[in-house]
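The exercises below ask you to read a protein model step by step, going from ring pairs to packed helices and then to a single loop residue. Try each task yourself before you turn to its solution.

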Amino acid sequence: MSKVLYVHAKGGPPVGYALTRVAARSAVHLLALSDLPAAVAADAAKLCASVVTPVDAPGRDLVELITARAREVGADAVLTFSEYAVVAVAEAARQLGLKGAGPAAALARDKRLMRAAWERRGIPQPRFRTVTGVAELRRAAIELSCPLLFKSAWSAGSTAHQIIDRPGDAQDAWQRSRAVMAESAQLGFAELHVRGASEDFIVEEIVSGCAEEWFDGPGWGDYVSVEGVVADGVFRPVCLSGRMPTVVPFTERAGIIPAAVGSTAQRVIVELARRAVNALELENCGTHTEIKLGRDGRMWVIETAARFGGAMTVPQIEEVFGLDMIGMFTDQLLGGSPAWPARALTPEDAAGAAGSLVVLAVHRDGTPWSRRHLWDSSAVVRSAPAGAGSTLSVVRESSLPDGTPVPVYDPAAGANTMAGLCVLSADRPQSVVRDFTALIDALPRILPTDVAEEARA
């Protein structure tokens, strides 16, 4: 039987979900760089041929650690679904002579290299500057047109994003984003291989989106993600995922599959994603490419990644389109020829729709809740105002324990301040938007008040 070394770190699809699908295709040896969720640890011991948590990982070269473990177990493939381990796993696979994202993987991780590659190919994107210090940030704020978005070159989940309205904001933005990156590293949400990555930033102009010209219904955000894979150097788009409007500055709140765009719009979106992915010259990896949608058909590529979309993107694809992306990708790395879709799948190909919602302590318009609340997954499932035919559940692995105070939303920390992750199945994409909108409005009524917090106040 084939053997796979699965490198686990923060982010990506739920590890319990992914493990079961990799284990169905091969013997799995788990290298856990981050703690496994309590609910998954026992199952992992049963599913995996071995589970290793290296005690010296923080001070050891990660590529060396991965290659050594792969040789120990005789791995036929090395994979990860974490943004923070993508570069290290790609390099380890290259050194081992195994299939992987390839030597250009960093171009799909470091936003500075990514944007430079697209600039050389003439791919539409917001105007940007790379930034290594506050003086450079001030100059960029003068050269570019404000407002600007300042963000870490290596972040994920909208972490360390700051809006700069005028050059005088540069100092505060620089200090806050650096502090957030340091905090994120303590939580395990940081690049694991490239030293000094938390000091690398870019700043870009904020382009104006226009969701209503693209979507068949209200309540959508003004950008989409093209989900796909690169198989032996060939980009294979799978589907589009849509979003609800982000929370200031640009924190993602909900992802919905399929995106309710027409066939002509989908074709031009996918073609731009193809150009963006091809420019990075990847070999074998998942892809997740974000594209901003503007007026009169304008589009800008925001970023891409050499891995599948995080949170519940991959489980949503399996539910709606019947594709086991994790299993198929495992087969791809092991030398198989999975039946990737011949074209990007559309709402007409879907069996219903599925969405995932990040619970943040803000109202629909982005204003903070007036009171502190406690997270209670059972109360959410029991009292959510879902429509007839819709089914809501909570991903406990990706949510706080019940009874934990819901964090105060911090615009700079983004998804680091989430309380829970909900998933919903419905008959069509617009039903997901409707039900999530109702749930966002109802959460402050559904969740119990944090009495201790009120007393301290």
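Rings of Phe, Tyr and Trp, the last taken by its six-membered ring, form a pair if their centres lie within 6.5 Å. The model shown here is a predicted one, and by this rule the count comes to seven aromatic pairs.

**Exercise 1.** Classify the pair of Phe150 and Trp174 by its geometry, and state which parts of the chain the pair ties together.

*Solution.* Begin with the geometry: the two rings lie 6.0 Å apart, centre to centre, with 35° between their planes. Planes under 30 degrees apart count as stacked and over 60 as edge-to-face, so the pair of Phe150 and Trp174 is tilted. Next, locate the residues: Phe150 belongs to strand β6 (residues 148–152) and Trp174 to helix α7 (residues 170–187), so the pair ties together parts that are 24 residues apart in sequence. Finally, consider accessibility, where under 20% means buried: Phe150 is buried at 0% relative accessibility, and Trp174 is buried at 8%.

**Exercise 2.** Work out the class of the pair formed by Phe308 and Phe329, and place both residues in the chain.

*Solution.* The ring centres of Phe308 and Phe329 are 5.6 Å apart and their planes stand at 80°, so this pair is edge-to-face. Phe308 sits in the loop between β13 (299–303) and α9 (313–321), while Phe329 is in helix α10, and the pair thus links distant parts of the chain, 21 residues apart. Both Phe308 and Phe329 are buried, and ring pairs join them with Tyr6 and Phe81 into a cluster.

**Exercise 3.** Describe how helices α1 and α10 cross, and name the residues that meet.

*Solution.* Two packed helices are described by the angle between their axes and the distance between the axes. The axes of α1 (residues 15–23) and α10 (residues 325–333) come within 8 Å and cross at roughly 45°, and the two helices are therefore oblique to each other. The crossing is right-handed. From α1, Tyr17, Ala18, Arg21 and Val22 meet Ile326, Gly327 and Thr330 of α10. Sorted by class, this contact has four nonpolar residues, two polar and one charged.

**Exercise 4.** Decide whether Gly389 is buried or exposed, and find its contacts beyond its sequence neighbours.

*Solution.* Gly389 lies in the loop between α11 (377–383) and β15 (391–394), and its relative accessibility of 70% means that it counts as exposed. Leaving aside neighbours within four places in sequence, Gly389 is in contact with Ser425 and Ala426. The C-alpha atoms of Gly389 and Ser425 are separated by 8.3 Å, although these residues are 36 residues apart along the chain.

Technical notes
Residues are numbered from 1 along each chain as its sequence is written. This is a predicted model: local features need pLDDT of at least 70, side-chain atom pairs count only at pLDDT 80 or more; totals for chains, interfaces and linings use all residues. Side-chain values use heavy atoms; hydrogens and water are left out. Axes are lines fitted to C-alpha atoms, for helices over the stretch in contact, and angles run from 0 to 180 degrees between N-to-C directions. Helices (H or I, at least four residues) and strands (E, at least two) are DSSP runs, numbered from the N terminus. Angles under 35 degrees count as roughly parallel, over 145 as roughly antiparallel, 65 to 115 as roughly perpendicular and the rest as oblique. A crossing is left-handed if the near helix is turned anticlockwise from the far one by less than a right angle, and right-handed if clockwise. Contact means heavy atoms within 4.5 Å. Ala, Val, Leu, Ile, Met, Phe, Trp, Tyr, Cys and Pro count as nonpolar, Asp, Glu, Lys and Arg as charged, and the others, Gly among them, as polar. Buried means under 20% relative accessible area, exposed over 50%, partly exposed in between (1.4 Å probe, protein chains only).
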